[in-house]
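Hi everyone, thanks for coming. I'd like to walk you through a structure and point out some places worth looking at on the screen. Here it comes.

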Amino acid sequence: MSFDLASRLAERRCAHLYRQRPLLESPQQPEVRVDGERLLNFCSNDYLGLANHSDVIAAMRAGAEQWGVGGGASHLVIGHSTPHHQLEEALAHFTGRPRALLFSTGYMANLAAVTALVGQGDTVLEDRLNHASLLDAGLLSGARFSRYLHNDATSLAKRLDKASGNTLVVTDGVFSMDGDLADLPALCAAANVKGAWVMVDDAHGFGPLGATGGGIVEHFGLGIDEVPVLVGTLGKAFGTAGAFVAGSDELIETLIQFARPYIYTTSQPPAVACATLKSLQLLREEGWRREHLNRLIARFRQGAAENGLALMDSPTPIQPILVGDSARAMRLSALLRGRGILVGAIRPPTVPAGSARLRVTLTAAHSEAQLERLLQTLAECWSRLAEEPEHA
């Protein structure tokens with residue numbers, strides 16, 4: 001008996017769900033070279049344009065010269081370097097919380113937080129459209145796991161009525177494939193009635209949202225009492241790599257003592273922490289990046305609506321264009337690429353069946369002229385797609 005991997009792969013190809021890795025041959029920036037082609041890039045999560053910023057690069061270079069390259073060991077052995085500690089203190093100050101804990105990836109941070117806080121006899125309730133890392137964390141925790149209807153506080157309240165043990169309500173801040181915001185005030189109010197904790201993964205909110213880029217909690221004016229567990233990633237608007245959890249001293253100490261993904265992982269290179277300290281400074285001080293980005297978002301939504309594109313309700317840099325059929329989403333992406341525009345097609349199981357879409361992402365590094373080119377090309381390709389038969 002053997003694993004029939006070939007059949008599994010063939011089935012995925014037939015369903016137009018086969019994934020392939022584009023090879024990026026240039027830095028993250030609006031104009032990139034991918035698989036030998038020069039393309040205008042609208043699928044990066046580098047929302048504030050910091051991934052290729054000269055000051056961030058210089059900070060990482062200087063960090064490597066002073067601290068070397070590898071982390072060397074886990075944080076609890078001998079891998080917790082001064083830059084890691086300085087970054088944790090800066091992130092705590094940035095989020096207005098007593099402490100923050102650094103992780104090597106966002107997936108790790110989510111897995112660590114959920115599994116350290118709940119287990120057998122407890123309950124974890126999650127939005128149906130949460131990121132895969134949050135859903136996996138809930139399932140792996142051993143707690144009673146249930147998903148409430150997307151962004152529906154009434155649905156959450158019904159599940160809270162049936163919850164037992166310590167209860168953790170988990171939601172994305174900005175939903176990565178739809179671009180919409182979690183209705184945090186309503187969700188937090190429902191959780192508070194039952195004494196449940198709320199955990200928010202604001203991977204896509206930090207940077208673009210809030211007066212100072214503090215994300216969805218700043219956007220809604222919420223604090224640690226409403227959202228005790230706040231998670232952020234550093235590989236998106238921060239432009240570097242890694243993640244963090246911010247909260248009370250007791251929360252962070254609990255993660256250090258009980259979170260297996262933290263305890264048993266080598267720390268990130270200290271030079272990355274040096275780079276992130278610089279990008280955090282730019283994120284906070286250069287408010288023009290958010291202002292420019294918001295202008296681009298407004299113009300895109302206006303132009304897309306005028307061209308009859310099926311947009312979703314998103315005020316964020318994530319602007320999905322709903323297509324529905326996976327094959328047609330792939331076709332639209334290919335038409336755009338043929339005209340020098342790179343926009344990824346998102347298909348099941350990443351999104352629900354029948355909701356394949358193009359995920360346009362805008363960044364502060366894009367110019368108004370580049371956005372106008374995107375809108376014009378989208379209109380042409382959308383019109384051509386409408387003329388093609390459904391089975392194409």
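Let's start at N52, which touches P27, Q28, Q29 and I57 once residues up to four places away in sequence are left out. With Q29 there is also a polar contact, side chain to side chain, at 3.3 Å. Before I go further, please keep in mind that this is a predicted model.

So where does N52 sit? You'll find N52 in the loop between β2 and α2, the latter being residues 54-67. Is N52 buried, exposed or partly exposed? Its relative accessibility is 31%, and N52 therefore counts as partly exposed. If you want a sense of scale, take G232: it is 180 residues from N52 in sequence, and the two C-alpha atoms are 20 Å apart in space.

Now let's turn to F206. This residue is in the loop between β7 (197-201) and α9 (216-220). How accessible is F206? At 1% relative accessibility, F206 counts as buried, because the cut-off for that word is under 20%. And what surrounds F206, beyond its neighbours within four places in sequence? Its contacts include the phenylalanines F94, F238 and F244, the glycines G213, G214, G215 and G232, and also T95, L230, V231 and A237. K236 is 30 residues away from F206 along the chain, with 8.6 Å between their C-alpha atoms.

F238 brings us nicely to the interior. The largest nonpolar core has 72 residues, and F238 is among those with the most contacts inside it, together with L91, L184, F300, L362 and L374. Which helix gives the largest share of this core? That is α15, residues 368-387, with 6 residues. Have a look at L184 while we're here: apart from its neighbours within four places in sequence, L184 is in contact with T171, V200, I216, V217, F220, L222 and V227. There is also a second, separate core of 27 residues, which includes L101, L168, V231 and I256. You met V231 a moment ago as a contact of F206.

On to the pockets. The largest pocket has a volume of about 1,000 Å³. It is lined by 28 residues, and the closest to its centre are Q20, P22, C43, G344 and A345. Which elements supply at least two residues each to that lining? They are β1 (31-34), α14 (326-338), β11 (341-342) and β12 (344-346), with α14 giving the largest share, 4 residues. In terms of chemistry, the lining divides into 14 nonpolar, 8 polar and 6 charged residues.

Helix α14 also holds S333, so let's zoom in there. S333 counts as buried, since its relative accessibility is 15%. Its side chain reaches the backbone oxygen of V343 at 2.7 Å. Beyond its neighbours within four places in sequence, S333 is in contact with V343, G344, A345 and L358. Two of those names, G344 and A345, came up just now as residues closest to the centre of the largest pocket.

The second largest pocket has a volume of about 540 Å³. Of its 26 lining residues, L129, N130, H131, A132 and T350 lie nearest the centre. The elements giving two or more residues to this lining are α5 (106-117) and α6 (132-140). By class, the lining has 10 nonpolar, 9 polar and 7 charged residues.

A few backbone details before we finish. The peptide bond from P348 to P349 is cis, with omega near 5 degrees, and P349 is in the loop between β12 and β13 (356-361). Then we have some positive phi values. D35, in the loop between β1 and β2 (37-41), has a phi near 50 degrees, and this residue is partly exposed at 42% relative accessible area. N151, in the loop between β5 (144-148) and α7 (153-161), has a phi of about 55 degrees, and at 22% relative accessibility N151 counts as partly exposed. H16 takes a positive phi of about 60 degrees, just after α1.

And α1 is where I'd like to stop. How many of its 10 residues are buried? The number is 0, so this helix, residues 5-14, lies largely in the open. Thanks for listening, and I'm happy to go back to any of these spots on the screen.

Note on methods
Residues numbered from 1 in each chain as written. Predicted model: local features only at pLDDT ≥ 70, side-chain atom pairs only at ≥ 80, totals over all residues. Heavy atoms only, no water. 1 Å grid on protein atoms, 1.4 Å probe; cavity = no way out; pocket = protein on both sides within 12 Å on 5 of 7 lines; lining within 4 Å. Points joined across faces, edges and corners; volume = space filled by probe spheres on them. Nonpolar A, V, L, I, M, F, W, Y, C, P; charged D, E, K, R; others polar. Buried < 20%, exposed > 50% of the residue type's maximum accessible area, 1.4 Å probe, protein only. Polar contact = N/O pair within 3.5 Å; in protein donor to acceptor, adjacent residues only side chain to side chain. Contact = heavy atoms within 4.5 Å. Core = buried A, V, L, I, M, F, W, Y, C linked by side-chain atoms within 4.5 Å.
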